[in-house]
Amino acid sequence: MLRLLWRLPLLLIHIGVGIPLVLLSFIPGVRNGSVGNMRLHQWAHRAWSRGLLRVMGCRLQVSGQLPERAGLVVANHITWLDIVVLHAVWPIWLVAKAEIRAWPLVGTLAHLAGTLFIQRGSEVSRKRIGRRMTALLKRGEFVGIFPEGGIRPGRGVKHFHARLFAPALRANVPAIPVSIRYDRGGDLHDAMVFGPGQNFFGNLFRSLQQAPYEARVVIGAPVRGTAGQRSQFARACYDVVESSYES
């Protein structure tokens, strides 16, 4: 509770002050500026995401690096904080379930960050998002997916659904397998995942009370797929993510 008492005000300040500053970086004319090898709005977005992790008591540890060319970032999914973790590595376009758009705070931030919201069970939504993903990948952007199809309570990496891999094949770009694991001398999956009947605020407050921990991100080597072999493509990425998660 003591951690919650000082982290919650910091969170509110980080949101109230930081988000308007990030939005300023998206203004036409300003967003074309650059900081190192990043566009200004990307740099501001990444800085804000890293700041949020610090407020949450989370230290980012990254092994490997994204390639210079575009690709489909493929990651396992544990909690809503995964979105922040990936943006703290590099601001990418992310595909997420449509329900997240209605979540307090995270939904608004995800929308501002350019998240592609997909309606699960809707073939129309899947095809529309697939076309958008393909266009972004062909344009040279990084697009991220959580191919497990949702957050699962059990520890470990779950089965990867192959459908979302199709845009990478159409755009002729590789997939970049990424594993995310929360750790404090041991796997914190059970402490981070949504508990039975727990809503977003309940999970947020529980996360704010956590003792300091690490978000361990391992970026694997790019994996190339073959047209017409989505399942094999998905399986190859799964093997890399599962191996690095367990190591």
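This report walks through a predicted model, one region at a time.

## Ground rules

Residues are numbered from 1 along each chain as its sequence is written, and side-chain values use heavy atoms, with hydrogens and water left out. Because the model is predicted, local features need pLDDT of at least 70 and side-chain atom pairs count only at pLDDT 80 or more, while totals for chains, interfaces and linings use all residues.

## The opening helix

Let's start with helix α1, which covers residues 2–24. Helices here are DSSP runs of H or I with at least four residues, strands are runs of E with at least two, and both are numbered from the N terminus. The expected span of a helix is 1.5 Å times one less than its number of residues. For the 23 residues of α1 that gives 33 Å, and the end C-alpha atoms sit 34 Å apart, so the two agree. There is also a kink of about 30° at G18, shortly before the proline P20; the bend is the angle between axes fitted to the seven residues ending at a residue and the seven starting there.

Which residues of α1 are buried? They are L4, R7, L11, H14, G18, I19 and V22. Buried means under 20% relative accessible area, exposed means over 50%, and partly exposed is in between (1.4 Å probe, protein chains only). An α-helix has 3.6 residues a turn, so residues three or four places apart point the same way.

W6, also in helix α1, counts as partly exposed because its relative accessibility is 48%. W6 joins L10, I13, V17, L21, L24, I27 and V30 in a nonpolar surface patch of about 740 Å². Patches take residues with over 30% relative accessible area and no salt bridge, joining like charges within 9 Å and nonpolar side chains (Val, Leu, Ile, Met, Phe, Trp, Tyr) within 5 Å. The areas come from the Shrake-Rupley method with a 1.4 Å probe, and for residues only the protein chains shown count as cover.

## Strand β9 and its partners

Strand β9 (residues 213–219) is mostly covered, with five of its seven residues buried. Strands pair if DSSP finds at least two bridges between them. β9 runs parallel to β3 (residues 58–63) over six bridges, with L60 opposite A215. β9 is also joined to β8 by six bridges, this time antiparallel, and there D183 has E214 as its bridge partner.

Over in β8 you'll find V178, which is buried because its relative accessibility is 2%. V178 and C237 are 59 residues apart in sequence, yet their C-alpha atoms are 8.7 Å apart in space. Just ahead of β8 (175–183), the loop after α6 (166–171) holds N172, a residue other than glycine with a positive phi near 60°. At 59% relative accessibility, N172 counts as exposed.

## Salt bridges

How many salt bridges are there? The count comes to 10, where a salt bridge is a side-chain nitrogen of Lys or Arg within 4 Å of a carboxyl oxygen of Asp or Glu. One of them pairs R39 with E141 at 3.7 Å, N to O. R39 is in strand β2 and E141 in the loop between α5 and β7, so this pair ties together parts 102 residues apart in sequence. R39, R139 and E141 are linked in a network of salt bridges.

E214 and R59 form another, with the closest N and O atoms 2.1 Å apart. That pair links E214 in β9 to R59 in β3, 155 residues apart. At 19% relative accessibility, E214 counts as buried.
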